[in-house]
Amino acid sequence: MKIHEYQAKAILARYGVTTPRGEVAFTKEEAREAAQRLKSKIVVVKAQIHAGGRGKAGGVKLARSADEAADIASHILGMNLVTVQTGPGGRIVKRVLIEEGLDIKRELYLSILVDRGTGKVVFMASAAGGMEIEEVAKRNPEAIIRETIHPVVGLQPYQARKLAFGLGLSGEVATHAAPFFQALHRAFVDTDASLLEINPCVLTGDGRIVALDAKMTFDDNGLFRHKELRELRDLDEEDPLEVEASKYGLNYIKLDGTVACMVNGAGLAMATMDIIKYAGGSPANFLDVGGGASAEQVKNAFRILMSDPSVRAVFINIFGGILRCDVLATGVVAATKDLHVKVPVVVRMEGTNVEMGQQILRDSGLNFTIANGMKDAAQKVVALAGGAR
């Protein structure tokens, strides 16, 4: 689950992380009043959407008066902001952050995330703050400093000092940086976050370290421990089909291809998308119905797949264990009839009651294509979807 910048900063502030003074505004007048309360010579009006690259797209502007802040806010609110992370569809801006301007001396990059390679949390830092970290990693990978954090002892003071010195900080600034970094790590761990990114983290003219931006993403599996975080979810920032899928316990992510996928198990779903690409096609989604899906869940999954107008064919790839093949087949037949599915459906199933499941599909009177293995299924579904792209 993602949250907005102003929400992330409120969380970080509770852990002692220094952030700029600011207020969220939903209207032009709220923006004016917020700027007046800040009493800052320069205020920053920042579009609040779940995507980076807002500044380059025109979603971050400076104002030198409350009236100017209100005028800028009126232009940003309601605009369709297209950034490198939103995709061509963009995001409609429904709120802005009105924030005090700062005297910025240096910009740094900080992030904390789970490193799958080590199975531990890693703290990443770079003196190239304000830039896209992907570009920094590509052009100058040695500019990125990494500290792997032991899950039992956490970020140690000596590691925080190494990060500070690696960023070129010294003296009193380095002394302040170490507890700043440790506070970020505590916030990351305590909230079950999967990503915490500060870009940029700035060093001000008066020697303060301030989180000028903040991005936080949380592990959905840990949200049951954090009622206060669940309340921060903004459904307007999520794909409507993904929101609908979450109501039925389905893991769905929309993609830009033409072959819809219905799979049980995240690993098998990833392999399914890979083999579709290998066959020359392009997956339209990631959809994991889970190991214990019912016929009703299968039907809802099918309905969500068919809600995507770009879908030209469906690839159902199931290994029957807890979800028996006959249960799956019953759900697929019912869904196909009820939803009047017109696109081709290719089914590859193995496991419990596979013969029974295949017979149900054959006896349905519907035009299912039963595949013999994943490679065969991928080749057939790509062909039915219009061939290799």
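In this predicted model, R225 pairs up with D192 in a salt bridge, with 3.1 Å between the closest N and O atoms. R225 sits in the loop between β12 (215-218) and α7, while D192 sits in the loop between α6 (171-190) and β10 (193-204), so this bridge ties together parts that are 33 residues apart in sequence. Elsewhere, salt bridges with shared partners string E5, K9, K46, R54, E99 and D213 together into one network. The count for the model comes to 24 salt bridges.

Another of these pairs is E100 with R21, whose closest N and O atoms are 3.2 Å apart. Here the link is between strand β6 (residues 96-100), which holds E100, and the loop between α1 (5-14) and β1 (22-25), which holds R21, so parts 79 residues apart in sequence get tied together. The two partners have their own surroundings: E100 is buried, at 12% relative accessibility, and R21 is partly exposed, with a relative accessible area of 41%.

D236 and K94 make a further salt bridge through their side chains, at 3.1 Å from N to O. This one links distant parts of the chain, as D236 belongs to the loop between α7 (227-230) and α8 (240-246) and K94 to the loop between β5 (91-92) and β6, 142 residues apart. D236 counts as partly exposed, at 49% relative accessibility, and K94 also counts as partly exposed, at 42%.

Turning to helix packing, α2 (residues 28-38) and α3 (residues 66-76) have axes that come within 8 Å and cross at roughly 145°. The crossing of α2 past α3 is right-handed. On the α2 side, the contact is made by K28, A31, R32, A35 and Q36; α3 brings in A66, D67, A69, A70, D71, A73 and S74. Sorted by class, this contact between α2 and α3 has six nonpolar residues, two polar ones and four charged ones.

Next, the cysteines. A disulfide is a covalent bond between the sulfur atoms of two cysteines. Searching the whole structure turns up zero disulfides. Why does C261 not form a bond with C325, the cysteine with the closest sulfur? The two sulfurs are 18 Å apart, and that is too far for a bond, given that a disulfide calls for sulfur atoms within 2.5 Å. As for accessibility, C261 is buried, because its relative accessible area is 1% and the cut-off for buried is under 20%. C201 counts as buried too, at 1% relative accessibility.

Finally, there is L255, found in the loop between β13 (251-254) and β14 (259-263). With a relative accessible area of 30%, L255 is partly exposed. Leaving aside residues up to four places away in sequence, L255 touches M273, P283, A284, N285 and F286. L255 can also be placed relative to D308: these two residues are 53 apart in sequence, and their C-alpha atoms are 9.9 Å apart in space.

Conventions. Residues numbered from 1 in each chain as written. Predicted model: local features only at pLDDT ≥ 70, side-chain atom pairs only at ≥ 80, totals over all residues. Heavy atoms only, no water. Axes fitted to C-alpha atoms, helices over the stretch in contact; angles between N-to-C directions. Helix = DSSP H or I, 4+ residues; strand = E, 2+ residues; numbered from the N terminus. Left-handed = near helix turned anticlockwise from the far one by under 90°. Contact = heavy atoms within 4.5 Å. Nonpolar A, V, L, I, M, F, W, Y, C, P; charged D, E, K, R; others polar. Buried < 20%, exposed > 50% of the residue type's maximum accessible area, 1.4 Å probe, protein only. Salt bridge = Lys/Arg side-chain N within 4 Å of Asp/Glu carboxyl O.
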